[in-house]
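Please open the model in your viewer and keep the selection panel at hand, since each stop below begins with something to select.

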Amino acid sequence: MRMVKEILGRSVVAEAFCFEVSRRCYTHQNNKKHKISMFPSFSCSSILLPIVKRRTTTTVDNLNSSNKSLHDGGGVTLTISASVTIKNSKEFMAMMLHYFDSFSHNTTGDRGIVMQLVSTQIDPTTMEGKLSKRAVLDWTRELLFNGGGDSERSTHKVDFEIDSNFGFPGAITVTNKYNKEIFLETISIEGGFVEFSCNSWVQPEKVHPDKRIFFTNKACLPCDTAEGVKELRKEELRQKRGDGNGMRKVMSDRVYDYDVYNDLGNPDKGIQHVRPILGTKQYPNPRRCRTGRPPVITDEKYESCVNAFMETYVPRDEVFEGVRKEALDVERVKGVTRNLIPFIRTHITKCGVFKELSEIKNIYKRRHQVDAMNHTNEENGTLSIDVNKLFQDSLEEYFKFSTPHIISGMSANNNNNFNDSTWNGCCIRDEELGRQALAGVNPLSIKRVQTFPPMSDLDPSMYGPQESALKEEHIISHLDGMSVQQAIEEKKLFILDYHDAYMPFLKGINAQEDRKAYATRTILYLTRVGTLKPIAIELSLPEGEHQQQQSKQVLTPPLDATSYWLWQLAKAHVCSNDAGVHQLVHHWLRTHACMEPFIIAAHRQMSVTHPIFKLLKPHMKCTLQINALAREALINGGGIIESDFSSGRYSTEIVSAAYKDWWRFDMEALPADLIRRGLAEPDRTQPHGIKLTIEDYPYANDGLLIWFALERMVRTYVNYYYHNGLMVRSDTELQGWYNEVINVGHGDHAHATWWPTLATPRDLISVLTTLIWIASVQHSAVNFGQYPLGGYVPMRPPLVKKLLPKEGDPEYKEFLEDPEGFLCSSLPDMFQTTKFLAVLNILSQHPEDEEYIGQRRDLSDWIGDPKIIEAFYDFSIELKRIEKEIEKRNKDQNLRNRCGAGIPPYELLIASSGPGVTCRGVPNSIST
């Protein structure tokens, strides 16, 4: 048999095996030893379990009507059939072929999938749910291919034997007696009368001896749980909680538990590789999913890092699979290959430093190559192709990056992607810096100025006097005749304030090699046409750090050539501050890290049958996996952020400080966030009861449409299940979830008074709307524009290598002689740039199997609840209407922050998208 496999291939052998099984089935049928069932939708036959001597076939409609005469008569057995659908992984197919090979040699092995139905009714003799007889699905004897051995999934028929008074099935237990895990998709009883949407990996019994428990699709509050499955509901949660001990088994365990961030450094490599443990009194932080890896050798408080022999643990059903994993692997390989040439030029030939801003255009692909590839023969006028040049250009183009949206408008009429005359040696134009604060990849930092000069919240006893150097004379000439106080009252002054985020860490940051940073404040003025322009930049350093420099300096829009170039350098530092806070605080902390405890607690405290778990389920998908990968390669010591951002090894301390002093869950709702930053105020005359301070604020304008549509859907959903506050307060699973989030998952804020209460349906609507908003819309706003809107490094440098030159500095002469060269030498070199772009490109990708907000691929959980189905449908339709409204806004010439020459449309909050880097699309969950 093994030789035949090698000669003919697996698919041919599988077909031959199916033919042999069919032949044997026909023989058995003639001998009346087995019942044969043929399904027209499949290509092969299936052998069923032996028929019991006395049984009657029935439908599920009859299950609830107990037949007393039959029951009293002594054990009439009924047979109900089920279709079991299994996803065929590569490992699963290999296992089946192994069993095919040994089929004729061994038919007595204890293998198969053992299933047992559990009734909603109690068995009076055991006081537990009534049970069916065990049914065994064994592919070596009962195989039904759908599309052959290489099909994505296979469906198998199984018969369950039950007593006539069994009642209605409420759950099913599953034991895997094979040696490999299986992915169980669905179990359908009697053609769909009862559905179990499992969608889970079931481990071999020898790995996990506990029976897997699956419940019918019907959403059910704890108080409404049928008596027959109440204990199973508790048992299923017990299995997922674990006992908090031991090392988790990668690719098999499904335990959800908490731990601190003690896996970001590696003390075994030396003191320089030590990083703070996040989630302690000194460094507060949300908790992560526990892995239980052994401690490092030198300090048992630290967990050993992931390496080539030890993978990152996440619960088995959270692991990337299929298309998503393949797409990520492809982009990783592409990222590595794109960095080969820059690595050689930077580290081997030592020519990776950019000397002119125009040199950076060579990193990106050209739109038109015809002129470079073709030339016309002057003698005969024929067109010829230089094959060698074509090959060379094609090879070079492969290693280049696509042109980001943010600069593609610069060269709409230029064949080489960039029109050098539009740059004028400028990293980012003033008006573009202001526009990106409202419609860029970080629209969450801009605040309205309410006091001037701005104030610091840092403790002066620790960080020295923190008074701002900004004075009225710095900005008065840019206020269109208003005084500073008038401009504040007219809501015309805004600020990008990164002073407190960076100041406590600047001494350490600036002591690192090739890293120099300021704590910046930028004052912006709201013009008559609704755009923001920077009118002053304050650059601050710790007292006494650089004796040759003032600890604070203020720059204003330039008046001459020298001040022009200094202004460009100052804006580079502002954008570098912005890039760091965006990545560390608004992206990682506020979405990824702060959502993780809510997800862990949901799996530990709420049954999969709970209606709130079912509502949140698509918004929790894959987040634990992507966060684990981030701890492995993004925020860890020596990871992407430390390597590519100015904050360097102090990155996680910046995260912890922001979590301690600034993060509040009650301020994560969009309306509350806008009001907190002074970008909106309550106004009952407005459609949604809120008025924006800046009318053309694309993130807020589009976001509010989605927020209130989402809130309406959640309100309908919550009010359907919870009719009053008592139902909310008495829901033990719901309250257990929320209490665990506060006291364990976000334990460092357990005593904060700002946590919202959870006592009424209104409270629950607010909490759920905020969570879904964070996981879908807010994450999309700060993630999927990273490459399209932040992929031009001079416009948004992740790090800066030099401070501004001062007269008398050794570098000042160099600056005067070649200011553009000085600016370029302050930016990341070629290898740093391409490495950074490769990461941004991966983070900005949508996989082909992305599920977007408004989409629910499985509505079977609410098949009997038309009001819920209608609410989901209305939400989906409303998102389509919002998409049309956003497209309309992007064509409105009066909205200058999203429409105009060279201005990319703001599409980040359009719900739908195709695969790839599209700068649009709102997935249901944080999965990139």
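## A tour from the whole chain to one helix

Begin with the whole protein, a predicted model, in which 58% of the 928 residues count as buried. Colouring by secondary structure brings up 32 helices and 25 strands, and if you switch to a surface display, the accessible area comes to about 40,000 Å², with 52% of it belonging to carbon and sulfur atoms. In a contact map restricted to residues at least 6 apart in sequence, 74% of the contacts join residues at least 24 apart.

Next, select the open sheet of 5 strands, whose order is β17-β18-β19-β20-β21 and whose pairing is antiparallel. Its edges are β17 (447–448) and β21 (552–555), each of which has a single partner strand, so one side of each is left without a neighbour in the sheet.

Stay with the β21 edge and add β20 (residues 532–540), which runs antiparallel to β21 and is joined to it by 4 bridges; here you can pick out S540, which stands opposite K552 of β21.

Now bring in the helices that lie against this sheet. Helix α18 packs on it, touching β19, β20 and β21, with a direction that makes about 85° with that of β20. Helix α12 (residues 430–439) lies across β18 (493–497), β19 (519–526) and β20, and runs at about 90° to β20.

Finally, follow α18 (561–605) to α30, where it is among the elements that cover the buried residues, as is α29 (810–817). How many residues of helix α30 (residues 819–826) are buried? The count is 7 of its 8, and among them are P819, F822 and C824.

Terms used: Residues numbered from 1 in each chain as written. Predicted model: local features only at pLDDT ≥ 70, side-chain atom pairs only at ≥ 80, totals over all residues. Heavy atoms only, no water. Buried < 20%, exposed > 50% of the residue type's maximum accessible area, 1.4 Å probe, protein only. Helix = DSSP H or I, 4+ residues; strand = E, 2+ residues; numbered from the N terminus. Contact = heavy atoms within 4.5 Å. Areas by Shrake-Rupley, 256 points an atom, 1.4 Å probe, with all protein chains shown as cover. Pairing = 2+ DSSP bridges. Axes fitted to C-alpha atoms, helices over the stretch in contact; angles between N-to-C directions.
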